[in-house]
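Please open the structure in your viewer and keep the sequence beside it. The tour below proceeds by selections, each followed by a description of what is there.

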Amino acid sequence: MKNRRTFGRILALACLWAGVSYPQPAQPPKTPAIRVTGDVSSPIELKAEDLAGMPRETVSLHEEDGSNVQYEGVLLREILTRAGAPLGKGLRGKALATYVLAKARDGYAVVFTLGEMDATFGNESILVADKRDGKPLFEYQGPFRLVCPNDKAGARSVRMLENLEVVRLKK
């Protein structure tokens with residue numbers, strides 16, 4: 001048994017020295033999810049089946065080519081409420097200086113304030129979409145995407161959404 005361990009170590013060192021990669025155990029594919037982290041009372045991770053069980057909304061967007069596209073998903077404020085972000089009556093005073101940093105798999109990131117999506121302030125219907133015209137999102141868009149139907153430009157509609165970080169300014 002000792003000789004096998006020694007042989008394995010020698011083989012690994014020889015592979016490193018020769019520039020050959022030592023075989024690693026296969027990792028199971030990661031299940032796509034959205035993580036809600038930061039200044040929330042209950043950080044959560046939501047998978048597709050979790051979103052499917054939440055209250056659903058649909059928004060229609062007018063595309064540049066003149067066509068209309070329907071996105072379906074869950075309101076961002078619903079997800080943030082479940083994670084314990086200060087919305088509703090909790091969004092007063094210093095909490096109004098809280099923002100959400102939405103991050104994509106490719107590193108793209110945008111910011112939203114809690115006030116703009118809260119029902120008593122901006123009441124924006126920002127959607128975490130998982131369907132386009134009744135079908136799952138295309139690979140380059142999903143599996144999750146933010147859709148901001150009232151934005152004039154689509155730059156905050158984050159494709160390949162993976163993380164929502166809630167940040168409360170400390171001043």
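What follows is a walk through a predicted model, from its sheet to its core and then to its charged pairs.

**The sheet**

Begin by selecting the strands β2, β1, β10, β5 and β6, which in that order form an open sheet of five strands with mixed pairing. At the edges you will find β2 (residues 44–47) and β6, each of which pairs on one side only. If you look along the sheet, the twist from one strand to the next averages 20 degrees.

Now narrow the selection to β1 and β10, which run parallel and are joined by four bridges. Within this region, select Gly38 and look across to Val166 in β10, which stands opposite. Adding helix α3 to the view shows how this helix packs on the sheet, where α3 touches β1, β2, β5 and β10, and its direction makes about 135 degrees with that of β2.

**One residue of β5**

Next, select Val100, whose place is in strand β5 (residues 98–104). Is Val100 buried or exposed? Its relative accessibility is 0%, and since buried means under 20%, Val100 counts as buried. Leaving aside residues up to four places away in sequence, Val100 touches Leu80, Val110, Val111, Phe112, Leu114, Met117, Leu164, Glu165 and Val166. It is also worth selecting Asn163, because the C-alpha atoms of Val100 and Asn163 are 9.7 Å apart in space although the two residues are 63 apart in sequence, and buried is again the word for Val100.

**The nonpolar cores**

Widen the view to the largest nonpolar core, which has 31 residues, and select those with the most contacts inside it: Leu51, Ile79, Leu80, Val128, Leu146, Leu161 and Leu164. Two or more residues of this core come from each of β1 (33–38), α3 (76–83), β5, β6 (109–113), α4 and β10. Which of the elements gives the most to this core? That is α3, with four residues.

From this group, select Leu146 alone and display its surroundings: not counting residues up to four places away in sequence, Leu146 touches Leu76, Ala102, Phe112, Ile126, Leu127, Val128, Arg156, Ser157, Val158 and Leu161. Apart from the largest core lies another core, of nine residues, including Leu61, Val69, Leu75 and Leu137.

**The charged pairs**

Finally, turn to the salt bridges, of which the structure holds six. Select Lys47 and Glu45, whose side chains meet in a salt bridge with a distance of 3.4 Å from N to O. Both ends are partly exposed, Lys47 with a relative accessible area of 26% and Glu45 with 41%.

Move on to Glu72 and Arg56, which form a salt bridge whose closest N and O atoms are 3.2 Å apart. This pair links distant parts of the chain, with Glu72 in strand β4 (residues 68–75) and Arg56 in the loop between α2 (48–52) and β3 (57–62), 16 residues apart. Glu72 counts as partly exposed at 24% relative accessibility, and Arg56 is partly exposed at 26%.

As a last pair, select Glu116 and Arg156, which form a salt bridge with the closest N and O atoms 3.0 Å apart. Here too distant parts of the chain are linked, since Glu116 is in helix α4 (residues 114–117) and Arg156 in the loop between β9 (145–147) and β10 (161–168), 40 residues apart; Arg156 counts as partly exposed at 22% relative accessibility. To finish, add Asp130 to Arg56 and Glu72, as salt bridges that share partners join these residues into one network.

Conventions. Residues numbered from 1 in each chain as written. Predicted model: local features only at pLDDT ≥ 70, side-chain atom pairs only at ≥ 80, totals over all residues. Heavy atoms only, no water. Buried < 20%, exposed > 50% of the residue type's maximum accessible area, 1.4 Å probe, protein only. Contact = heavy atoms within 4.5 Å. Salt bridge = Lys/Arg side-chain N within 4 Å of Asp/Glu carboxyl O. Core = buried A, V, L, I, M, F, W, Y, C linked by side-chain atoms within 4.5 Å. Pairing = 2+ DSSP bridges. Axes fitted to C-alpha atoms, helices over the stretch in contact; angles between N-to-C directions.
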